[in-house]
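Colleague: I've got the file open and would like to go through the contacts with you. Can you take my questions one by one?

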There are 4 protein chains.
Amino acid sequence: MKLNWGMIGGGEGSQIGPAHRLGALADGNFSLVAGALDADAKKGRAYAQRLGVAPDRAYGDWREMLAAERDREDRLDLVTVATPNSTHFEITKAFLEAGFHVLCEKPMTMTVEEGEEIVRVSRASNRICAVNYCYSAYPMVREMRHMVATGQVGKVRLVVTNFSHGHHGNAEDADNPRVRWRYDPAMAGVSGQFADCGIHALHMASFVVGDQVDRVSADFASTIPSRMLEDDAMVNFRMTGGTVGRLWTSSVAIGRQHGFDIQIFGETGGMRWASEQPNQVFYTPVGERTQIMEKGESGLSDEAARLSRVAIAHPEGFPLAVANIYVDLAAAIRGELRDGLPLAEDGLRSMAAVHAAVASAKADGAWVDARPPMFR
Amino acid sequence: MKLNWGMIGGGEGSQIGPAHRLGALADGNFSLVAGALDADAKKGRAYAQRLGVAPDRAYGDWREMLAAERDREDRLDLVTVATPNSTHFEITKAFLEAGFHVLCEKPMTMTVEEGEEIVRVSRASNRICAVNYCYSAYPMVREMRHMVATGQVGKVRLVVTNFSHGHHGNAEDADNPRVRWRYDPAMAGVSGQFADCGIHALHMASFVVGDQVDRVSADFASTIPSRMLEDDAMVNFRMTGGTVGRLWTSSVAIGRQHGFDIQIFGETGGMRWASEQPNQVFYTPVGERTQIMEKGESGLSDEAARLSRVAIAHPEGFPLAVANIYVDLAAAIRGELRDGLPLAEDGLRSMAAVHAAVASAKADGAWVDARPPMFR
Amino acid sequence: MKLNWGMIGGGEGSQIGPAHRLGALADGNFSLVAGALDADAKKGRAYAQRLGVAPDRAYGDWREMLAAERDREDRLDLVTVATPNSTHFEITKAFLEAGFHVLCEKPMTMTVEEGEEIVRVSRASNRICAVNYCYSAYPMVREMRHMVATGQVGKVRLVVTNFSHGHHGNAEDADNPRVRWRYDPAMAGVSGQFADCGIHALHMASFVVGDQVDRVSADFASTIPSRMLEDDAMVNFRMTGGTVGRLWTSSVAIGRQHGFDIQIFGETGGMRWASEQPNQVFYTPVGERTQIMEKGESGLSDEAARLSRVAIAHPEGFPLAVANIYVDLAAAIRGELRDGLPLAEDGLRSMAAVHAAVASAKADGAWVDARPPMFR
Amino acid sequence: MKLNWGMIGGGEGSQIGPAHRLGALADGNFSLVAGALDADAKKGRAYAQRLGVAPDRAYGDWREMLAAERDREDRLDLVTVATPNSTHFEITKAFLEAGFHVLCEKPMTMTVEEGEEIVRVSRASNRICAVNYCYSAYPMVREMRHMVATGQVGKVRLVVTNFSHGHHGNAEDADNPRVRWRYDPAMAGVSGQFADCGIHALHMASFVVGDQVDRVSADFASTIPSRMLEDDAMVNFRMTGGTVGRLWTSSVAIGRQHGFDIQIFGETGGMRWASEQPNQVFYTPVGERTQIMEKGESGLSDEAARLSRVAIAHPEGFPLAVANIYVDLAAAIRGELRDGLPLAEDGLRSMAAVHAAVASAKADGAWVDARPPMFR
């Protein structure tokens, strides 16, 4: 039987709404049965119904949805929260407390304290709180994680990751509201580009290496002077096990489209993956030639194999990475929690790293503890 | 309201079944409500029910399905035929005659006569018979077609296309039944690799150029001697408007994974697209620099824009190209037949070209008329 | 001691002259001591002297040079012939007969008969007649030849090679004399693009596979209608040992810059090399991953190692491939004739293939024997 | 007339010797007439003579060479210093003081004070002291510099450059003398990988942007613990005009071969160049598509055009970048000093940046003034 799924946010015209709907529907695990899709209650109700939601479950806002859904027999199995960032905490917490599993868009919260609260609530309610670090669900990213875990590159000395694009590089466009809010502390919080894109890269570093960020040293720049928050950042880090990390993120890198990539360098080999060509990994055992690994090739790990849908060299892209998050969520809801699904603890760590990087940048690059207090 | 969708073939373990299900479900246009999924009736019924089909619509074979569905009030809006190649004709014809819209896997038929019959039946019944030339539904392939149609490369002088892979290159594996049947006339018909992969390339040449293949000259080779049909073919062609064509297809090109690409050379520009990197087109206006076009960039045609789901440089892959076929089918069923959906006429032309190429190869490369008799 | 080198043609403003001078001088094997560099005797003498040639060896034409040089004590060790194509035969023959070693630009001759004559003269005089198929002197091309010879891809089933560019694709530029002569039989002979570029690809196919072209089937097109000779050609071929060949060459492929590449597919592996990225080979053992081989990596053949000058991944380009021809010529002149240097026999085979392809194209693709009569 | 050239160091078996000889000889500007090629006087004399140097100019060491050459009528026009790093200062200074032009390998000196001394001596003697930052002599690097200078990317906000390889990544190989010395302060000085490779990247950033490094913040790591000096470094910097800089350099990046690249992001466009593909620049005007620029295309700057030897898309590589340094040196010696030749001031700035980065790394990333005292 399909699982009952509801969505908050992701209304008509949003970027993220269609990605979640495709992700949830693609594999036939979920049915969209409820939604509070828009800040404009009327528009949200109408749009939900056009998407096939019954009128009584097409809600005007999330509170109405929570009140109505908590007592239904056919209550929701999963709620996706895709609202503006500053509302993630309140909504996620409320649904977890009411006993719903939640998938929250990133960033999970705006502060470290809120992040710790979500972790506590999730644990106390015994509900899944997943965070949409969807890049980690690409088959070949799972393969890299598997390769590190099984020693195929040895102890990881160094991880180098970038998430840089140029789509905010036009100063004339800086006042465009779709761009400006990202650099306005009133809406974006303490960090601009690092909180927006950098944390995907930081999560992936931890995800692939299988270790956590211990401390950071950051250099932030607002290369477009009118911006109050950084549009370019370099964050050096160290992981608990000693791995050295380098993370560059930028939104003014004109010509880079979606420049998210990661390189892993261990004692016995190196690997490279890039989000614009997500179906390959370039793997070099020390002293040997570089090998091109392909999604779908024989001999990959179970994780990579089960999250790949079509044959070798038939490319699979971003929407199916989102879909893989829903595949793992469906399994988890049905009782099979798999290693790899990004959870509240990951969302919390990201927020701790953001605040640590901001503090470091303000202190001219001094090294700052990046661990959430509850994990120290 | 969702459209009612049924599937014939594509049972458990098949490659093509999951691609069709994802394609049909991803955008919420279709519900899988009926199926005859397996040659083994019992397995097919069980699998359909596991996929959520009601027991009374989980059929043992296509005849049972046809008999039951033709008279239902909530009859199917679309039937997908994904059975072994030699059965496509009979099933497709029967469902069309019974008034169903059909999406048929390629090749649509085994002979030209059968192809002409499908075209006649489709026209007489006024039902859509689509053929799954899914590569033509990639956003950037639609963009290339648009660019040619709007004169951005001038009159097309030359089209060069390849569909070559190496997955049948291991002679020790040649007796593997999953490989062998492709080169056995009893199962594959008159052609091996050209009928299997080459016709995708030939369809794309016609699709992008907006013209039809007039005549062909072919050189076939069975580079693994035990094969009765070709595993490598070169097909030169001419289009009605004079465009010169070159098509190479191979299944013994060890190291090529999914080497399907196309290059278009016109009087005022050239273009290149490759299926392993389907989100870019390399475009060169004559006398200028090559430009990298990206799916999702501003200024693309409506066709490319509406078939793209996520932002620029977020890759979209093969399963969503299949999904785009279903998007266009949903629109067509709802009354908006869009230019671009591959139809029975395209399936017929492919079969005529296959038979012409076979005849040419047997006649040492003599030029042979590749047009279906009914279109001469 | 440096070898004495003279040059005919390659005057001021020519493309090929500087490439030969750099090639001859780069490794310190040759000194430019004589030259008849220009059709304009006065300009040629002046230019030669500016290049450091003594006044008495700065000649007005090749006959004067031949007459003066043949009896000198310090006579030339090598003469390079880089004059217009139609003069290659006469000059090359004359210098060979006078006992000079010659490096001739391609095409060595305009007819098969002339080619056979050069072979005979070269043999009779016991002088080296090399032909500048310089691409074969790239280290990684030598490596591919070595790999085939030592069985690393097994028996070669298939070779696919292209030499296509778009620099003659502008019809408005077709009357430009620098372009037009290539398509004018009065100046270019029987073939346009195939004789100009295609024969490099054909030579390389033979060079890497280690076998000769037996017969060809060609499709020629003049996609710019004013041209009398082909600007696009597809040539299928078979080698003596049964290898299937496919060669596409074009000068109207707008957007391709220097699209010369080769793919080798054998029983146990495949390889790919491209002239725009000449320092890598992509090698795929059957059933394994593709490996990126790098010029300069450890473990390459002696041939590849000795023709590479700088460390791994420091790119080496076209001028040093020409230089490698001179390296091998210096060795040959000093008595160590190495396998790999392209000789008169290769120049002859190219001309036989050109004439065979022209005959085939005129006969609608009929298969034509491509072997020089003297080698049948 | 050819210029008289002598070389110190670069003996038999060295990597750098052949590159300099090819560079100096390739264009016919220089003759090798003197040399002190080896620390072993006897071997050095013998090797020089095998390279064609007259016996009386085949010296046992640089002091002997200096003493003999300073008073010759046909004295050297240029001396190349390619000895171990710690000797560069003494030799370069001595030859400059004796009135010779010098090309010094990098690093020019080991300390900032020595660097300032070379600048003073070079100025006082009015002799050219060039430093072999040869990457800056690639045609397309000159083109980028020209593009910045002429405003084609606007004010440069950000420069991101990497010089990372993995050739010292094998811990088992760390005791190999050819590797070990780089990480031993007794031989390498204060810095390992940054002084070895990073300064090429730092020079290029200044070269292309047309501005100087003002201050740096560095994070150094010895990822192979036995190393006393860094094998991986991240250096953030600011240029005088405010440009933000990011430089990553590593020698343990297994799988990267010669990963030297640079990205320039300005107010109106971005550019990208990589040393493994040195004949292209990827250029993106803000809001437009990325364009692939090719060495040899029409419309490039005079600088790019004159330093390119063969036609578009015929690759030119590292040895000819070195040769371009010699082309510019020949011009300078003949009286035409061109903008672009790297000089003692550049060598000094590199050394100041190395020492500043070392100081910063020791101070946990504190920002340190990177300007040589004499330029503050």
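**Contacts within and between chains**

Modeller: Let's start with a single pair: K106(A) and D196(A) join their side chains in a salt bridge, 3.4 Å from N to O. By salt bridge I mean a side-chain nitrogen of Lys or Arg within 4 Å of a carboxyl oxygen of Asp or Glu. This is a predicted model, where local features need pLDDT of at least 70, side-chain atom pairs count only at pLDDT 80 or more, and totals for chains, interfaces and linings use all residues. Residues are numbered from 1 along each chain as its sequence is written, chains are lettered from A and ligands numbered from 1 in the order in which they are written, and side-chain values use heavy atoms, leaving out hydrogens and water.

Colleague: What area is buried between domain 1 of chain A and domain 2 of chain A?

Modeller: The bounds, from an automatic or database domain assignment, are 3–134 for domain 1 and 136–310 + 343–362 for domain 2 of chain A. The contact (heavy atoms within 4.5 Å) takes 22 residues from domain 1 and 25 residues from domain 2 of chain A. Buried area is the accessible area (1.4 Å probe) that two parts lose on being put together, summed over both. Carbon and sulfur atoms give 61% of it here, and the total is about 1700 Å².

Colleague: Which three residues supply 36% of the area that domain 1 of chain A buries against domain 2 of chain A?

Modeller: No other three residues supply more of that domain 1 area. One of them, K106(A), is the salt-bridge partner of D196(A). The trio is K106(A), M110(A) and Y133(A).

Colleague: And which element gives the most to the side of domain 1 of chain A that touches domain 2 of chain A?

Modeller: Across that interface there are nine residue pairs in polar contact, both at pLDDT 80 or more. A polar contact is a pair of N or O atoms within 3.5 Å; within protein, one must be able to donate a hydrogen and the other to accept it, and residues adjacent in sequence count only if both atoms are side-chain atoms. Helices (H or I, at least four residues) and strands (E, at least two) are DSSP runs, numbered from the N terminus. With six residues, the top contributor is α5(A).

Colleague: Moving to chain A and chain D, how many salt bridges does the rule find across their interface?

Modeller: Here 38 residues of chain A are in contact with 38 residues of chain D, and about 2900 Å² is buried, 56% of it on carbon and sulfur atoms. R246(D) and D232(A) make a salt bridge at 2.6 Å, N to O. The rule's count for this interface is six.

Colleague: How many salt bridges does the rule find between chain B and chain C?

Modeller: Chain B and chain C bury about 2900 Å², with 55% from carbon and sulfur atoms. R246(C) bridges to D219(B), their closest N and O atoms being 2.7 Å apart. The rule gives six.

Colleague: Last one: is S217(C) buried or exposed?

Modeller: S217(C) sits in strand β7 (residues 213–221) of chain C, and a polar atom of its side chain lies 2.6 Å from the backbone oxygen of G365(C). Leaving aside neighbours within four places in sequence, S217(C) is in contact with residues including M234(C), S360(C) and W367(C). Buried means under 20% relative accessible area, exposed over 50%, partly exposed in between (1.4 Å probe, protein chains only). Because its relative accessibility is 7%, S217(C) counts as buried.
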